[in-house]
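Please keep the structure open in your viewer and follow the stops below one after another, selecting each group of residues before you read what is there.

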Amino acid sequence: MLESSQRPSNSGFTLIELIVVISIVAISYSLVGPNLFKNLDKTNFYAEKKDIQELFKTLGNRAFINSQPVEVVLSGKTITYGYQHKRERKKLHYSYLEFPRQKVVFSASGFPDSKHFTISYQDKFTKVVLDDYVQ
């Protein structure tokens, strides 16, 4: 008879190999993670900015169609809007954008009374030109 001196095969990873792989993954995540979340925040900022653009176009059109001025108040993280001579107001809340207190009125002809408004994102103020939003 032949004696086989085969050891049972240990298929698997050693503890050292697992620690090395986990360390590489953790280091990679620590380098990529912050940029990933920063870009996600920036994307959400642009999405909210685009939402405001669409809102302002709609409000300008609504003022023109109904021949009634529409008042828009921007303050904090909220935009409140409605017809100027009526009490009913609608509110929109934003997560990423902030506004210093300001008011824009769309005349009955659908044009805004100011040329720009100011938004704040991560403590940086930006003037937004309304001509780009209303056309």
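Begin by selecting strand 1 and strand 2, which pair in the antiparallel sense over six bridges in what is a predicted model. Strand 1 covers residues 70-76 and strand 2 covers 78-83, and the hairpin that joins strand 1 to strand 2 passes through one residue. For one particular pair in this hairpin, pick Ser75, whose bridge partner in strand 2 is Thr78. As you look at the paired strands, it may help to recall that strands of a sheet pair through backbone hydrogen bonds, either parallel or antiparallel.

Next, keep strand 1 selected and add strand 4, which runs antiparallel to strand 1 and is joined to it by six bridges. Along this pairing, Glu71 has Val105 as its bridge partner in strand 4, while Leu74 stands opposite Gln102 of strand 4. If you colour strand 1 by accessibility, you will find that this strand is mostly covered, with five of its seven residues buried.

Now widen the selection so that the whole sheet is shown. In what order do the four strands of the open sheet lie? They are arranged in the order 3-2-1-4, with antiparallel pairing. Strand 3 (90-93) and strand 4 (99-106) are the edge strands, each of which pairs on one side only. Neighbouring strands of this sheet are, on average, turned by 15° against each other when direction is ignored.

With the sheet still visible, add helix 1, residues 15-66, which packs on the sheet and touches strand 1, strand 2, strand 3 and strand 4. If you compare directions on the screen, that of helix 1 makes about 10° with that of strand 2.

Stay with the helix for a moment and select Val32, which lies in helix 1. Is Val32 buried or exposed? Val32 counts as exposed because its relative accessibility is 51%, and the cut-off for that word is a value over 50%. Add Ile27, Leu31 and Leu36 to Val32, and you have a nonpolar patch on the surface, whose four residues together have about 420 Å² of accessible area.

Further along helix 1, show the side chains of Lys50 and Glu54, which meet in a salt bridge with a distance of 3.9 Å from N to O. The two residues are four places apart in helix 1, so about one helical turn separates Lys50 from Glu54. Both ends of this pair are partly exposed, with a relative accessible area of 44% for Lys50 and 36% for Glu54.

The structure holds three salt bridges, and to see the others you should return to the sheet and select Glu71, Arg89 and Lys103, which are linked in a network of salt bridges. On one side of this network, the side chains of Arg89 and Glu71 meet at 3.0 Å, N to O. Arg89 lies in the loop between strand 2 and strand 3 and Glu71 lies in strand 1, so this pair ties together parts that are 18 residues apart in sequence. The other salt bridge of Glu71 is formed with Lys103, where the closest N and O atoms are 3.3 Å apart. Since Lys103 lies in strand 4 and Glu71 in strand 1, this second pair ties together parts that are 32 residues apart in sequence.

Which of these three residues counts as buried? Glu71 does, because its relative accessibility is 13%, which is below the cut-off of 20%. Arg89, by contrast, is partly exposed with a relative accessible area of 31%, and Lys103 counts as partly exposed at 48%.

For the last stop, move to Ser107, which lies in the loop between strand 4 and strand 5 (116-121). Ser107 counts as partly exposed because its relative accessibility is 28%. Which residues does Ser107 touch, not counting those up to four places away in sequence? They are Ala63, Gln68 and Pro69. Finally, select Ser67 together with Ser107: these two residues are 40 residues apart along the chain, while their C-alpha atoms are separated by 8.0 Å.

Note on methods
Residues numbered from 1 in each chain as written. Predicted model: local features only at pLDDT ≥ 70, side-chain atom pairs only at ≥ 80, totals over all residues. Heavy atoms only, no water. Pairing = 2+ DSSP bridges. Axes fitted to C-alpha atoms, helices over the stretch in contact; angles between N-to-C directions. Contact = heavy atoms within 4.5 Å. Patch = residues over 30% accessible without salt bridge, like charges linked within 9 Å, V, L, I, M, F, W, Y side chains within 5 Å. Areas by Shrake-Rupley, 256 points an atom, 1.4 Å probe, with all protein chains shown as cover. Buried < 20%, exposed > 50% of the residue type's maximum accessible area, 1.4 Å probe, protein only.
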